[in-house]
Amino acid sequence: MLWIMRFSGLFSAALVIIVLSPSLQSFPPAEAIRSSHLDAYLRLPTSDPQTHRFSFRKAPVFRNAADCPAADIDSGVCNPSLVHVAITLDFEYLRGSVAAVHSILKHSSCPESVFFHFLVSETGLDSLIRSTFPELRFKVYYFDPEIVRTLISTSVRQALEQPLNYARNYLAGLLEPCVRRVIYLDSDLVVVDDIAKLWKTKLGSKTIGAPEYCHANFTKYFTAAFWSDERFSGAFEGRKPCYFNTGVMVMDLERWRRVGYTEVIEKWMEIQKKSDRRIYELGSLPPFLLVFAGEVAPIEHRWNQHGLGGDNVRGSCRDLHPGPVSLLHWSGSGKPWFRLDSRRPCPLDTLWAPYDLYGHYNSR
């Protein structure tokens with residue numbers, strides 16, 4: 001009876017969220033919280049999960065619009081009609097990355113026009129992606145962890161110290177020069193709208209576009225030592241910096257290459273490592289803020305409903321921000337696949353579950 005009451009509460013909470021979120025019209029309630037998916041999580045086998053860790057179901061092939069341009073596979077990555085999306089792949093977050101790709105394809109008006117750029121520091125993941133998404137257009141790029149290992153300082157959470165978190169800083173050099181723009185996405189999110197809408201974001205004279213949160217306390221992203229030293233805090237002179245989450249960005253790679261922003265970010269990381277006083281505590285985010293905060297092309301908040309993973313320590317349950325939703329982002333320490341597996345999901349985790357292609361469903 002207790003299990004039934006708990007499931008009922010999760011079901012009701014998710015249903016209320018969907019009904020109240022206008023942009024989730026493309027994300028039907030029956031699909032979003034289908035009980036069979038949640039049941040599967042609650043009946044996970046008790047054997048060692050490592051034996052099933054990298055088993056994924058094959059994703060369906062989506063053909064979502066009749067007027068899409070013919071997919072010319074031979075044209076390669078330089079086809080000007082492509083929508084470019086970059087995502088990292090690693091064993092720890094692989095389940096989230098696969099769910100993100102699945103969600104993008106499901107809601108794209110022309111999924112065959114989306115080209116994925118996967119950043120990896122481990123081998124063997126390309127064959128897994130191809131078996132899960134047989135018709136996916138993608139390329140895998142190796143990011144050498146040694147490039148940033150000596151630049152990374154300790155953070156409030158160990159996961160934030162992983163070298164692959166910094167691969168976004170090097171996209172302009174990793175991707176082909178013909179790729180002039182890319183959407184960078186974290187691995188802990190799902191897209192519930194057409195990614196082409198985000199792709200068409202006008203950046204104007206800015207290098208990156210992202211949802212900004214100017215009501216947030218910007219000062220907390222840097223230490224007291226930073227704000228008390230004009231050599232550091234002077235970086236924001238003439239700017240009105242606002243917090244933005246680097247897990248969802250539209251990036252003008254052509255302008256990035258021209259200015260050399262990778263080297264600018266590396267300089268700030270060097271200062272953090274070599275200074276006798278730390279200037280920030282939170283992984284790869286502060287260097288990005290130092291370079292771009294106050295110089296960001298604003299994007300609607302619907303494209304990054306972030307923080308669903310809770311804070312960086314406890315990972316407590318969170319609600320959606322007010323307003324429509326095009327992307328749900330489990331930033332923070334709590335990830336939906338871990339909470340679902342532990343049978344202690346947050347209500348919003350049921351919105352991630354339909355995109356999970358993890359192989360447990362085959363073993364029921």
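**Exercise 1. Find the helix that Gly-294 follows, and work out how covered that helix is.**

Gly-294 takes a positive phi of about 90 degrees, and this residue comes just after helix H13. The model in which this is seen is a predicted one. Step one is to locate the helix itself, which spans residues 285–292 and is mostly covered, with eight of its eight residues buried. Step two is to name these buried residues, which are Leu-285, Pro-286, Pro-287, Phe-288, Leu-289, Leu-290, Val-291 and Phe-292. Step three is to ask what covers them: the buried residues of H13 pack against strands E6, E8 (243–244) and E9, and also against helices H9 (224–227), H11 (253–259) and H12 (261–274).

**Exercise 2. Decide whether strand E9 is enclosed or open on its two faces.**

Begin with the count for the strand, which runs over residues 248–252: five of its five residues are buried, so E9 is largely enclosed by the rest of the structure. Next, recall a rule about strands in order to sort the residues by side. In a regular strand the side chains alternate between the two faces of the sheet. Applied here, one side of E9 holds Val-248, Val-250 and Asp-252, while the other holds Met-249 and Met-251, and all of these are buried, so that both faces are covered.

**Exercise 3. Work out which strands pair with E9, and in which sense they run.**

Take strand E4 (residues 181–185) to start with, which pairs with E9 in the antiparallel sense over five bridges. Two residue pairs let you trace this on the structure: Arg-181 stands opposite Asp-252 in E9, and Leu-185 stands opposite Val-248 in E9. Then turn to strand E6 (residues 208–210), which is joined to E9 by two bridges and also runs antiparallel to E9. Here the residue to look for is Gly-209, whose bridge partner in E9 is Val-250.

**Exercise 4. Describe the surroundings of strand E4, and then follow the chain to Asp-186.**

Four of the five residues of E4 are buried, so this strand is largely enclosed by the rest of the structure. Besides its pairing with E9, E4 pairs with strand E1 (residues 83–89), this time in the parallel sense and over two bridges. In that pairing, the bridge partner of Ala-86 is Tyr-184 in E4.

Moving on along the chain, Asp-186 lies in the loop between E4 and strand E5 (189–191). The next step is to classify Asp-186, and for this the cut-off is needed: a residue is buried when its relative accessible area is under 20%. Asp-186 has a value of 15%, and it is therefore buried. Its side chain makes a polar contact of 3.4 Å with the side chain of Tyr-184, and another with the side chain of His-329, also given as 3.4 Å. When residues up to four places away in sequence are left out, Asp-186 touches Arg-168, Gly-247 and His-329.

**Exercise 5. Compare two aromatic pairs by the angle between their planes, and place one of them in a cluster.**

A search of the whole structure finds 25 aromatic pairs. One of them is formed by Phe-226 and Phe-232, with 6.3 Å from centre to centre and 10 degrees between the planes, and it counts as stacked. Both Phe-226 and Phe-232 are buried. In a further pair, the rings of Trp-337 and Phe-338 have centres 5.6 Å apart and planes at 55 degrees, so this pair is tilted. The two residues of the tilted pair can then be classified in turn: Trp-337 is buried because its relative accessibility is 2%, whereas Phe-338, at 40%, is partly exposed.

To place the stacked pair, look at the cluster that ring pairs make from Tyr-213, Phe-218, Tyr-221, Phe-222, Phe-226, Trp-227, Phe-232, Phe-236 and Tyr-243; this list includes Phe-226 and Phe-232.

**Exercise 6. Describe the backbone and the exposure of Arg-343.**

First, find the residue in the segment after helix H14 (336–341). Second, read the backbone angle: the phi of Arg-343 is near 65 degrees, which is a positive value in a residue other than glycine. Third, classify the exposure, where a relative accessibility of 38% makes Arg-343 partly exposed.

Note on methods. Residues are numbered from 1 along each chain as its sequence is written. This is a predicted model: local features need pLDDT of at least 70, side-chain atom pairs count only at pLDDT 80 or more; totals for chains, interfaces and linings use all residues. Side-chain values use heavy atoms; hydrogens and water are left out. Buried means under 20% relative accessible area, exposed over 50%, partly exposed in between (1.4 Å probe, protein chains only). Rings of Phe, Tyr and Trp (its six-membered ring) pair if their centres lie within 6.5 Å; planes under 30 degrees apart count as stacked, over 60 as edge-to-face and the rest as tilted. Two strands pair if DSSP finds at least two bridges between them. A polar contact is a pair of N or O atoms within 3.5 Å; within protein, one must be able to donate a hydrogen and the other to accept it, and residues adjacent in sequence count only if both atoms are side-chain atoms. Contact means heavy atoms within 4.5 Å.
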